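Work through these exercises with the structure open beside you. Try each task before you read its solution.

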Amino acid sequence: LAIITWGDEKALYSITRDLTEQKQAEADLSIFRSFADNSALGLAIGTLDGKLTYGNKSLCEMLNIADPADLQGQSLMTLYPESMHSFLNEEVLPAAVGEGQWIGELTMQTTTGQLIPTMQTPFLIRDTNDAPAFLANIITDLTEQKQAQAEREQLQLDLIEVPRQSMREIATPIIPVMDSILVMPLIGSIDSQRAQDIMRTLLAGITEHRAKVVILDITGVPVIDTGVANHLNKTIQAARLKGTKTIITGVSDAVAETIVDLGIDWGEMETLRDLQTGLLTALERLGFSLERKNGNGTR
């Protein structure tokens, strides 16, 4: 019979304990790998000098890497565009090692050169002696989130632009009163943007209706300054290039005084006191005449 001494029993216990701890460590590692490999988040582990030792399937799919084994031994920097390297070396890695964690957005680069926006949490892993051992990183792909955000912002801009466009159309109406005659009544102040809208709308109306005479009625324009006058001059010149005569109506006393005080020269423009006079003049330009009939139908 074999005789087991106290020393042998102690050694056997130590071996059994070590085997139990090893099996537990292997089981823990198996659980970790199963969790990591099936995680929707990108997971990476590397040495303190920046060499990768592990990357899960999600990280490989994110970066277009065929096999997770291809990551092992690679430099951490190969996962990022060169423009990010200085920031990683000077800000991210020192914070992760020195403070234990860093959280923020970083741009990664796929094997085909595509840039991927990500949210990352690199953090320090310590050994059983509490000494720094590895750096781990949790990575979230923000591509869909960024695209959705951009779509929402574009939608908001579109929702703002539609009323603006409607207001511009209301503010610059074109009224075809009869063949070859258009009336554009202007109401409110005129700035550079609106002046461009007026010119575009007028030229489009001239083309659509084949207008020969356009009446710009400025009865509702409270102020005429040098800028507004220049804009109107350009609009009239553009209409002239399309073979259309322009008449300005509704020049109030206040506007007339302002034009004189500012020294604005409207000598070459045809200006009339009101829209009615402008319409009669436009008809004459086209060879029409109006005659009043009395009650019994005679002229």
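## Exercise 1: The cavity

The largest cavity holds about 180 Å³ of space. Keep in mind that the model is predicted.

**Task.** Find out how many cavities of 30 Å³ or more the whole structure has. Then describe the lining of the largest cavity: which residues, which elements, which kinds of side chain?

**Solution.**

Step 1. Start with the search. A probe the size of a water molecule, rolled over the atoms, shows where empty space is left. Over the whole structure, the search finds 1 cavity of 30 Å³ or more.

Step 2. Look at the lining. The largest cavity is lined by 18 residues. Closest to its centre are L76, L93, P122, L135 and N137.

Step 3. Assign elements. Strand 1 (42-47), helix 3 (85-98), strand 4 (115-126) and strand 5 (132-141) each give at least two residues to the lining. Strand 1 gives the largest share, 4 residues.

Step 4. Sort by kind. The lining of the largest cavity has 12 nonpolar residues, 5 polar and 1 charged.

## Exercise 2: Two cores

**Task.** Identify the residues with the most contacts inside the largest nonpolar core. Then say which element supplies the largest share of this core.

**Solution.**

Step 1. Recall the general trend. In soluble globular proteins, nonpolar side chains tend to be buried together.

Step 2. Take the largest nonpolar core. It has 25 residues, and L186, I218, I224 and W266 have the most contacts inside it.

Step 3. Trace its sources. At least two residues of this core come from each of strand 7 (181-187), helix 5 (192-209), strand 8 (213-220), helix 6 and helix 7 (253-262). Helix 6 supplies the largest share, 5 residues.

Step 4. Zoom in on I218. Beyond its neighbours within four places in sequence, I218 contacts L186, I224, I248, T249, G250, V251, V255 and W266.

Step 5. Look for another core. One of 21 residues lies apart from the largest, and A44, C60, M62 and L76 are among its members.

## Exercise 3: Buried, partly exposed or exposed?

**Task.** Classify T118, N233 and K242 as buried, partly exposed or exposed. Add the surroundings of each.

**Solution.**

Step 1. Fix the cut-offs. Under 20% relative accessible area is buried, over 50% is exposed, and in between is partly exposed.

Step 2. Begin with T118, in strand 4. Its relative accessible area is 0%, so T118 is buried. The T118 side chain reaches the backbone oxygen of L106 at 2.6 Å. It also makes a polar contact of 2.9 Å with the side chain of Q120. Leaving aside neighbours within four places in sequence, T118 touches M62, G104, E105, L106, M108, I139, T140, D141 and L142.

Step 3. Go on to N233, in helix 6. Its relative accessible area is 18%, so N233 is buried. Its contacts, again without neighbours within four places in sequence, are W266 and M269.

Step 4. Finish with K242. This residue sits in the loop between helix 6 (226-241) and strand 9 (245-249). Its relative accessibility is 40%, so K242 is partly exposed. Not counting residues up to four places away, K242 touches L203, I206 and T207. The side chains of K242 and T207 share a polar contact of 2.7 Å. K242 and L203 are 39 residues apart along the chain, yet their C-alpha atoms are separated by 8.1 Å.

## Exercise 4: Positive phi

**Task.** Give the phi values of D130 and R210. Say where each residue lies, and whether it is buried or exposed.

**Solution.**

Step 1. Recall the rule. Most residues other than glycine have a negative phi.

Step 2. Check D130. Its phi is near 65 degrees, a positive value. D130 lies in the loop between strand 4 and strand 5. With a relative accessible area of 52%, D130 is exposed.

Step 3. Check R210. Its phi is near 55 degrees, also positive. R210 lies in the loop between helix 5 and strand 8. At 69% relative accessibility, R210 is exposed.

## Exercise 5: The whole protein

**Task.** How many helices and strands does the protein have? What percentage of its residues is buried?

**Solution.**

Step 1. Count elements. The protein has 8 helices and 10 strands.

Step 2. Look at burial. Of the 299 residues, 32% are buried.

Definitions and conventions: Residues are numbered from 1 along each chain as its sequence is written. This is a predicted model: local features need pLDDT of at least 70, side-chain atom pairs count only at pLDDT 80 or more; totals for chains, interfaces and linings use all residues. Side-chain values use heavy atoms; hydrogens and water are left out. Buried means under 20% relative accessible area, exposed over 50%, partly exposed in between (1.4 Å probe, protein chains only). Contact means heavy atoms within 4.5 Å. A polar contact is a pair of N or O atoms within 3.5 Å; within protein, one must be able to donate a hydrogen and the other to accept it, and residues adjacent in sequence count only if both atoms are side-chain atoms. A nonpolar core is a set of buried Ala, Val, Leu, Ile, Met, Phe, Trp, Tyr and Cys residues joined through side-chain atoms within 4.5 Å. On a 1 Å grid over the protein atoms alone, a cavity is a set of points where a 1.4 Å probe fits but cannot get out, and a pocket is an open set with protein on both sides within 12 Å along at least five of seven lines; lining residues have an atom within 4 Å of a point. Grid points are joined across faces, edges and corners, and a volume is the space filled by probe spheres set on the points. Ala, Val, Leu, Ile, Met, Phe, Trp, Tyr, Cys and Pro count as nonpolar, Asp, Glu, Lys and Arg as charged, and the others, Gly among them, as polar.
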